[in-house]
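Please read the following questions with the structure open beside them, and try each one before turning to its answer.

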Amino acid sequence: MNDRQKIRSIGILTSGGDSPGMNAAIRAVVRTAIYNNIRVYGIMRGYAGLIEDEINELNSRSVANIIQRGGTILKTARSKDFMNYEGRQKAFENLKKRDINGLVIIGGDGSFKGAQLFGKEFNINCIGLPGTIDRDIAGTDVTIGFDTAVNTAVEAIDKIRDTMDAHDRLFVVEVMGRDAGYIALYSGIATGAENILIPETKTDIEDVIKGLLEKEKRKKLVNLIVVAEGEEFGGANGVAKIIKEQAPNTDLRVCVLGHIQRGGSPSCADRVYASHMGYYAVEGLIHGKSNVMVGIINNKIHYTNFDAAIKLKQKIGQEWMKIVKILAI
Ligand code: F6P
């Protein structure tokens with residue numbers, strides 16, 4: 001829509017669940033904007049701060065010494081008020097009084113849905129950066145935070161494996177992902193899991209139990225099951241309950257990794273992705289792009305319409321589950 005509309009000032013916010021590398025992205029956006037003589041404003045607490053006018057101008061020093069930090073210096077939130085027109089109207093007034101006509105949104109699909117609506121209603125050039133540990137957005141091979149989160153999960157599961165092995169136990173480990181199984185899939189494969197349960201694919205639980213009973217017969221008692229929190233049987237505790245009922249001899253423990261996966265210093269990869277995409281968010285705005293998300297596909301920058309990025313999501317092919325099964329025999 002706003003092709004070639006000159007960007008006067010840029011606002012930047014982080015929204016939804018935080019992810020390691022968001023600070024690196026903020027730094028890249030701020031410094032690229034300043035390099036191009038564009039004023040840049042940090043909006044606190046996502047859309048909530050935009051509505052409540054928690055907006056401060058940033059300079060290149062404001063983002064010094066943050067590239068290595070997890071979390072987000074702008075804080076984040078999930079705003080209910082932004083879902084109403086009145087909320088978005090207030091948000092627009094706060095941008096207008098500062099002459100901000102470009103907005104960079106770092107977040108996941110929920111954050112992009114809000115941006116899409118807002119951009120269209122108020123003629124604000126919105127551009128998204130995929131900041132989510134879930135890696136469930138289409139139009140990009142990578143999302144800021146996934147690499148760090150999945151490596152945190154792998155490190156934790158490796159530790160669990162030591163004690164699991166010492167006791168000949170079955171462990172059901174739950175990783176994050178309410179709607180997405182990428183952390184479970186990657187961390188499960190990387191730690192040699194026997195089974196991986198994710199929301200995207202149907203699990204034949206009878207087959208999982210059959211496999212465990214068969215392994216019990218041949219004295220293979222060390223078994224690792226990695227589940228995403230949003231899988232169909234109620235996460236690790238739900239799966240453990242079914243196993244205890246149907247394979248009562250199993251010595252089983254549950255570990256829910258939880259929010260440790262969202263924190264910590266971002267990996268080198270996440271810092272580089274965030275810096276690369278952050279630079280191109282500003283470049284995109286300068287060149288008239290709006291209503292799009294910046295992504296990286298085959299190591300090249302791509303802009304994808306919010307619509308496609310949200311609706312298509314990332315799919316996990318069923319063949320992955322075949323690979324998992326074969327590698328765990
Ligand atoms: O979207 C990222 C994510 O970490 C999901 O994997 C998880 O289901 C959700 O956020 C948890 O959100 P909250 O921190 O609000 O509990």
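The questions below deal with a predicted model, and they go from sheets to charged pairs, aromatic rings and a surface patch.

Q: Which strands stand at the edges of the open sheet that 7 strands form?
A: Strands of a sheet pair through backbone hydrogen bonds, either parallel or antiparallel. In this sheet the order is β3-β2-β1-β4-β5-β10-β11, and the pairing is mixed. A strand at the edge has a single partner strand, so one side of it is left without a neighbour in the sheet, and this holds for β3 (55-58) and β11 (300-305).

Q: By how many degrees are neighbouring strands of this mixed sheet turned against each other on average?
A: The sheet in question is the open one with the order β3-β2-β1-β4-β5-β10-β11. With direction ignored, its neighbouring strands are turned against each other by an average of 30 degrees.

Q: Which residue of β11 is the bridge partner of Val294?
A: Strand β10, which covers residues 292-297, is joined to β11 by 6 bridges, and the two strands run antiparallel. Within β11, the residue that partners Val294 is Tyr303.

Q: Which residue in β8 does Ile196 stand opposite?
A: A second open sheet is formed by 4 strands in the order β7-β8-β6-β9, with parallel pairing. In it, β7 (195-197) and β9 stand at the edges, and 3 bridges join β7 to β8 (residues 223-228). The residue of β8 that stands opposite Ile196 is Val226.

Q: How many residues apart are Arg262 and Asp18, which form a salt bridge?
A: Side chains of opposite charge can pair when their charged atoms come close. For Arg262 and Asp18 the closest N and O atoms are 2.8 Å apart, and both residues are buried. Arg262 lies in the loop between β9 (252-256) and α9 (268-286), whereas Asp18 lies in the loop between β1 (9-14) and α1 (22-35), so the pair links distant parts of the chain, and the separation is 244 residues.

Q: Is Asp53, the salt-bridge partner of Arg98, buried or exposed, or partly exposed?
A: The closest N and O atoms of Arg98 and Asp53 are 2.8 Å apart. Arg98 sits in the loop between α3 (85-96) and β4 (102-107), and Asp53 sits in the loop between α2 (46-51) and β3. Buried means under 20% relative accessible area and exposed means over 50%; because the value for Asp53 is 26%, this residue counts as partly exposed.

Q: In which helix do Glu155 and Lys159 both lie?
A: Glu155 forms a salt bridge with Lys159, and their closest N and O atoms are 3.6 Å apart. Glu155 is partly exposed, with a relative accessible area of 48%, while Lys159 counts as exposed at 53%. The two residues are 4 residues apart, about one turn of the helix, and that helix is α5 (residues 146-167).

Q: What kind of aromatic pair do Phe146 and Tyr186 form?
A: A pair of aromatic rings is described by the distance of the centres and the angle of the planes. Phe146 in helix α5 and Tyr186 in helix α6 are 40 residues apart along the chain, and their rings are 5.2 Å apart, centre to centre. Planes over 60 degrees apart count as edge-to-face, and because the angle here is 85 degrees, the pair is edge-to-face.

Q: What kind of aromatic pair do Tyr182 and Tyr186 form?
A: Both residues lie in helix α6, about one turn of the helix apart. Tyr182 counts as buried at 7% relative accessibility, whereas Tyr186 counts as partly exposed at 34%. Their ring centres are 5.9 Å apart, and because planes at 55 degrees are neither under 30 nor over 60 degrees apart, the pair is tilted.

Q: Which helix gives the largest share of the nonpolar surface patch?
A: The patch has an area of about 450 Å² and is made by Ile189, Trp320, Ile323, Ile326 and Leu327. Ile189 belongs to helix α6 (residues 182-190), and this residue is partly exposed at 34% relative accessible area. The largest share of the patch, 4 residues, comes from helix α11 (residues 319-327).

Definitions and conventions. Residues numbered from 1 in each chain as written. Predicted model: local features only at pLDDT ≥ 70, side-chain atom pairs only at ≥ 80, totals over all residues. Heavy atoms only, no water. Pairing = 2+ DSSP bridges. Axes fitted to C-alpha atoms, helices over the stretch in contact; angles between N-to-C directions. Patch = residues over 30% accessible without salt bridge, like charges linked within 9 Å, V, L, I, M, F, W, Y side chains within 5 Å. Areas by Shrake-Rupley, 256 points an atom, 1.4 Å probe, with all protein chains shown as cover. Salt bridge = Lys/Arg side-chain N within 4 Å of Asp/Glu carboxyl O. Buried < 20%, exposed > 50% of the residue type's maximum accessible area, 1.4 Å probe, protein only. Phe/Tyr/Trp six-rings, centres within 6.5 Å; stacked < 30°, edge-to-face > 60°.
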